[in-house]
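The following report considers how the helices of one protein are placed and how they pack, beginning with the term on which much of the description rests.

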Amino acid sequence: MSSTELPSVPPTSVLPKVASVRVAEGERLRSVGLPGVTLTIRSRPPAREGLQRALFVHGLGGSSQNWSALMALLDGAVESEAVDLPGFGDSPPPDDGNYSVTAHARAVIRYLDASDRGPVHLLGNSLGGAVSTRVAAVRPDLVRTLTLVSPALPELRVQRTAVPTGLVSVPGVATLFTRLTREWTAEQRVRGVVSLCYGDPGRVSPEAFRHAVEELERRLRLPYFWDAMTRSTRGLVSAYLLGGQHGLWRQAERVLAPTLLIYGGRDQLVGFRMARRAARAFRDSRLLTLPDAGHVAMMEYPDTVAMAFRELLAETADATSGG
């Protein structure tokens, strides 16, 4: 095996059984088989008939559970679904082992095409923001509006606090990190993630922290956990280096959908300074800045994010009512 290769993982059919994924009250999970991928979809039964659909895409290392609080607050406004990207949450790895931003976007597009229910309100956080930007750029027919929470778009000066995450993409680093942190408990790992992603870690309730620990314990038992993390990080770094029409900023300029951008002033992974650049890049944008939020505003301030999204729906209602 060359130094740039990652160890293979067992096929989905022989993966070990692990604990069940948590499903919050009012939610349900289903598995959708598509060419090359099987996706787990978290949804809430629509409050009434005729609601437009919203699809939520999580960030690196996250899952559809990251959107549970916001989805509950949007009952009656949209019919909510959140996807577990391949290799994350309860979705098994992709058949071809491709975790690039383009491959994740392709999986989202395949799901939307297969569901054949018209354009959706697409929401993405971090890596999911990059994926959603690519989807909106290449398939504008699938997207009514675009909402991006701390989207992972290329930065010339990456924040120092984001460097360790990027280093996971370097060959051998994930293996080394796994060996060095073998004795870390899931609780210690979650505390580290919370400190990195939240503007104020104190906003995480004891119950939410316990659920996060249980979920991480479950995922650490999966043989492809680090493979999915490493390859997705490498895919994101590679997307940052793409130029021309495939560059993420160039694709942002191509997005036609009305776009809501949400940035946190205490974000340690995506620079707050990128908010203005993003507002200029997306042609039909509106910007919400939350000075005390970190990287996951939809989890830190779900009420505020829900209000902003509802305002986007109201603002664009006339333009989107015919789809």
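A residue is called buried here when its relative accessible area is under 20%. The structure is a predicted model, and in it buried residues make up 52% of the 323 residues in the protein. The protein contains 12 helices and eight strands, and of its contacts with a separation of 6 or more, 75% are between residues 24 or more positions apart.

**Confidence**

The average pLDDT of the protein is 86, with 84% of the residues scoring at least 70. Over residues 1-15, however, the pLDDT is below 50, although this stretch has 21 contacts in the model beyond near neighbours in sequence. Residues 159-180 likewise have a pLDDT under 50, and for them the model has 35 contacts beyond four places in sequence. Where pLDDT is low, the predicted coordinates should not be read in detail.

**Helix α3 and its surroundings**

Helix α3 covers residues 127-138, and 11 of its 12 residues are buried, so the helix is largely enclosed by the rest of the structure. The buried residues of α3 are L127, G128, G129, A130, V131, S132, T133, R134, V135, A136 and A137. They pack against the strands β3 (53-57), β5 (120-125) and β6 (143-149), and against the helices α2 (101-115), α8 (225-241) and α9 (248-254). The end C-alpha atoms of α3 are 17 Å apart, which agrees with the 16 Å that its 12 residues should span at 1.5 Å a residue.

Helix α2, one of these neighbours of α3, has 15 residues and reaches 21 Å from its first C-alpha to its last, close to the 21 Å expected at 1.5 Å a residue. Its buried residues are V101, A103, H104, A105, A107, V108, I109, Y111 and L112. After α2 comes D116, which has a positive phi, near 50°.

**Two helix pairs**

Two packed helices are described by the angle between their axes and the distance between the axes. The table gives these values for two pairs.

| Helix pair | Angle between axes | Distance between axes |
|---|---|---|
| α2 and α3 | about 65° | 9 Å |
| α6 and α7 | about 115° | 9 Å |

In the first pair, α2 passes α3 in a right-handed crossing. To this contact α2 brings V101, T102, H104, A105, V108 and I109, while α3 brings L127, A130, V131, R134, V135 and V138. By class, the residues of the contact of α2 with α3 are nine nonpolar, two polar and one charged.

In the second pair, α6 (residues 186-197) packs with α7 (residues 206-220), and α6 also passes α7 in a right-handed crossing. Here A186, E187, R189, V190 and R191 in α6 meet F209, A212, V213, L216, E217 and L220 in α7. The contact of α6 with α7 has seven nonpolar and four charged residues, and no polar ones.

**F225**

Is F225, which lies in helix α8, buried or exposed? Its relative accessibility is 11%, and it therefore counts as buried. Leaving aside neighbours within four places in sequence, F225 is in contact with L216, R219 and L220, and both L216 and L220 are among the residues of α7 that meet α6. The C-alpha atom of F225 is separated by 9.1 Å from that of G61, a residue 164 residues away along the chain.

Methods: Residues are numbered from 1 along each chain as its sequence is written. This is a predicted model: local features need pLDDT of at least 70, side-chain atom pairs count only at pLDDT 80 or more; totals for chains, interfaces and linings use all residues. Side-chain values use heavy atoms; hydrogens and water are left out. pLDDT is the predictor's confidence in each residue, from 0 to 100. Contact means heavy atoms within 4.5 Å. Helices (H or I, at least four residues) and strands (E, at least two) are DSSP runs, numbered from the N terminus. The expected span of a helix is 1.5 Å times one less than its number of residues. Buried means under 20% relative accessible area, exposed over 50%, partly exposed in between (1.4 Å probe, protein chains only). Axes are lines fitted to C-alpha atoms, for helices over the stretch in contact, and angles run from 0 to 180 degrees between N-to-C directions. A crossing is left-handed if the near helix is turned anticlockwise from the far one by less than a right angle, and right-handed if clockwise. Ala, Val, Leu, Ile, Met, Phe, Trp, Tyr, Cys and Pro count as nonpolar, Asp, Glu, Lys and Arg as charged, and the others, Gly among them, as polar.
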